[in-house]
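Thanks for sending this one over. Here are a few notes on how some of the helices sit, for you to check as you turn the model around.

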Amino acid sequence: MSETLSEHAAQALEWPRLLEMLAQHAQSGMGAAQCRSLSLSSDLIESRLRQQETTEMVSLLEEDNPMPTLAFPDIRERLARSRKGGVLDAGELRDCAVVLALMAEVQRYAESHTAEIQALARVLAPLQDTKSLCGIQKAIERAIQSDGSMKDMASPELRRLTHQAQGLKQEMRQHLEQILHSKRYEDILQESYFAQREGRYVVPVKTDMRGRIPGIVHDVSASGATVFVEPRELVELNNSIKVADLEVEREVQRILRELTALVASNAEKIEQGIEVLSECDVIRARAEMSRRLKCNPVALNNNGRIMLKQARHPLLLIAKDRVVANDIQLDETVRVLVISGPNTGGKTVALKIVGLFALMVRAGLHLPCAPESEMALFTDLYADIGDAQDLSRDLSSFSAHMMYMIRLLSESSSMPRSSSAPCALVLLDEPVTATDPQEGAALAEALLCRLAELNMKVVVTTHYGALKKLAQTTAGFVNASVELDVERLAPTYRLFMGIPGGSSALEIAGRLGMDHSILNDARKRLLHEDRRLDELMVDLQRRQRQLVEDSEKAQSARQEAEQAAREAQGLRAQLQEAEQEARRGFKKKLSKQFQLARAEVQATVDSLKREQKLIKAKETKQRLNELETKAGQEFVPAGRPIPLEHLGIGDAVEIVGLGITGSLLETPQGKKRVRVKVGEGEILATVSNLVGLAHEASTEITAPTSVSAILRRVSPSNGLGLDEQTVVDVRGQAVDEALDHVVAALDRAALQDAPYLRIIHGHGTGRLKSALREYLKDSLYVAEFRPGDRAEGGDGVTVARLR
């Protein structure tokens, strides 16, 4: 399609206005200029990449450490001048250093965010080649101040010459001060100050007194009352200062030439970096506009599918606080969308939304619509919107529109069509008007059918009833309408897909103040069928509005129900947590009771060591049994208990007093003790301490260390059997810690009348083994002990037989 038609379409859609808004978000002059002439991609993959660039930039801008500010001067002209042999001044070189510093900063930022910038990495990749420019940046910054002035320290020679010139000027000031305060010149001088003219120091002398002070006149005041004279005695010193200044300037120029040569030799790389910064600034502007308009990335396709949800006109979002969002849906089967309805109802707005969105996705811009939307990529766009009258060419509105349509059809017929998917989007605002309505409607019908045959996607607005009928009865055509609030006779700007809309011209004219008698006369002149059709369309819109409102209410109610369900779930979780916390508190209290009992046992054992009375140990054993019974009475497991006689293998049980849950490995009926599986291990538990649990209460709980738990390990090679041996493993523990565990294990074994205790201590240095066996010699619980046999673990195990 020709450039002229494309430019006409862009102007009709106000695309330049949108680009100007985009340019306002750019931070550099180059970026703003590039925004105003933003290129459009015709490739689906490239368009997706551009959109991904914008998405990644939005994410970076929302971080605590956003992308560096991309404000930089345009130095392209200076680079071109340097390549032609021109010498850049200090300010221009300072600008070059600013650009080089920004390149390095952006490159460092990119390297620190490699995980977040897959698409942006492609844009920033050329900055890798600019790392070698850091030396130029540093050389310029060593010589030039940030305000663009030359540093005295730019070179040793410049420093020497500058100090020499400053010394001469200081000497000059001293001479001038003497002249100004001398009685000899008191009546001659106009005022007590000195000045400079043409780089030479002078004093203000009264005009009529200039003969009183020999010297050279350099200037006269505007009033003529003062002449500025260089006293003869200062001429030679002024000459020395002039020479010193010239030498300083020669050295400054030498430094500027040297720095310019550095820039010129790397001008190509610098230009490449500038282009990257400019493109990055454009992407940042796209991201900033996306954030401002609350836009989203959308899925792109090349099969003509347009599924826009909650779409809003981007230019209206800037001008208005509230913009009505609409769904515009044209799947692959739809070739022509016919939008009808009252004037000022939003038909053209809907038309422009589709057109602007088609341009925006090609430019990498996010769309002001819901994120689940989908937009097709159209490589060609035609839009005939508004009055095309051109008096300079003697074209009426009708003639001008026809000329556009003729050119469109001519060029479209010659366009290659490689697939069934439409590659061109055509937007027509009330086509074939300003002529006889019947002929215009017929021509419009024929035109739309031809465009559909040419495989184009067409969106058209109209008041022609014939076009509404065509859309209702022809495959590939779909009606849509903008709504009119009948009660208020005001447009709502809502778009309804699938139904045509009436123009409501008489109603709107009445709202605007038209005489009622004229309106009544007009209604009488309408054909009965036309009036009936308008009434049907109004009724359809009313029903559609009611359906939409009901749907919105249902959606709102569903959201409220889901929110209530989430709140109920949260409350349930809180109650469960409170219950668990209460159980944990109870178990902690229970554990503390057992710890106190264990302390009492230990005190009794210590007493027995002193008194050597076995009856004392038996009294303590009875005391522990009493504590265990009391604790068991206080603890009530959660859930409804199951009687023991109903329990079988695999049923969940809880050991009262410990809070341990597990599953039975054997039936409890007629037995004193049974095996219970807890986690990966087994426990030999007293049947009287078991309570059957319902399935919902069988949550496994880690048991506290208590004097009534007997943790058993099944060892098929130990030769002692499950009911004959309690095991305690103290490998890797310190002596004091291991003794505590062994004492607790002896307590447990004694309470359950276990005949043996197997202590696993390992070999190590032998210190732990010796300490344990030394303790066992004096324990009143132990009748005798021996090292384990080979099957039991050898000398790394001690087997104690209990009394």
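**Notes on helix packing**

1. Helices α6 and α8 cross in a left-handed sense. This is a predicted model, and in it α6 (residues 90-111) packs against α8 (residues 134-143) at about 140°, with the two axes 9 Å apart. Angles over 145 degrees would count as roughly antiparallel, so this pair is oblique instead.

2. If you would like to look at the α6 and α8 contact itself, α6 contributes L93, R94, C96, A97, L100, A101 and A104. Their partners in α8 are I136, Q137, I140 and E141.

3. Next, please look at α14 (residues 397-413) and α15 (residues 437-453), whose axes come within 12 Å and cross at roughly 20°. That angle makes α14 roughly parallel to α15. The crossing of α14 and α15 is also left-handed. From α14, the contact uses F398, M402, M405, L408 and L409, while α15 supplies L443, L447, R450 and L451.

4. Helix α22 (residues 767-778) has a length that adds up nicely: with 12 residues at 1.5 Å each, the expected span is 16 Å, and the 18 Å between its end C-alpha atoms agrees.

5. Which residues of α22 are buried? They are L768, K769, L772, R773, Y775 and L776. Because these cover an arc of only 155° around the axis, they lie on the same side of α22. R767, K777 and D778, on the other side of α22, are exposed. As a reminder, an α-helix has 3.6 residues a turn, so residues three or four places apart point the same way.

How values were computed:
Residues are numbered from 1 along each chain as its sequence is written. This is a predicted model: local features need pLDDT of at least 70, side-chain atom pairs count only at pLDDT 80 or more; totals for chains, interfaces and linings use all residues. Side-chain values use heavy atoms; hydrogens and water are left out. Helices (H or I, at least four residues) and strands (E, at least two) are DSSP runs, numbered from the N terminus. The expected span of a helix is 1.5 Å times one less than its number of residues. Buried means under 20% relative accessible area, exposed over 50%, partly exposed in between (1.4 Å probe, protein chains only). The arc is that of the directions from the helix axis to the C-beta atoms. Axes are lines fitted to C-alpha atoms, for helices over the stretch in contact, and angles run from 0 to 180 degrees between N-to-C directions. Angles under 35 degrees count as roughly parallel, over 145 as roughly antiparallel, 65 to 115 as roughly perpendicular and the rest as oblique. A crossing is left-handed if the near helix is turned anticlockwise from the far one by less than a right angle, and right-handed if clockwise. Contact means heavy atoms within 4.5 Å.
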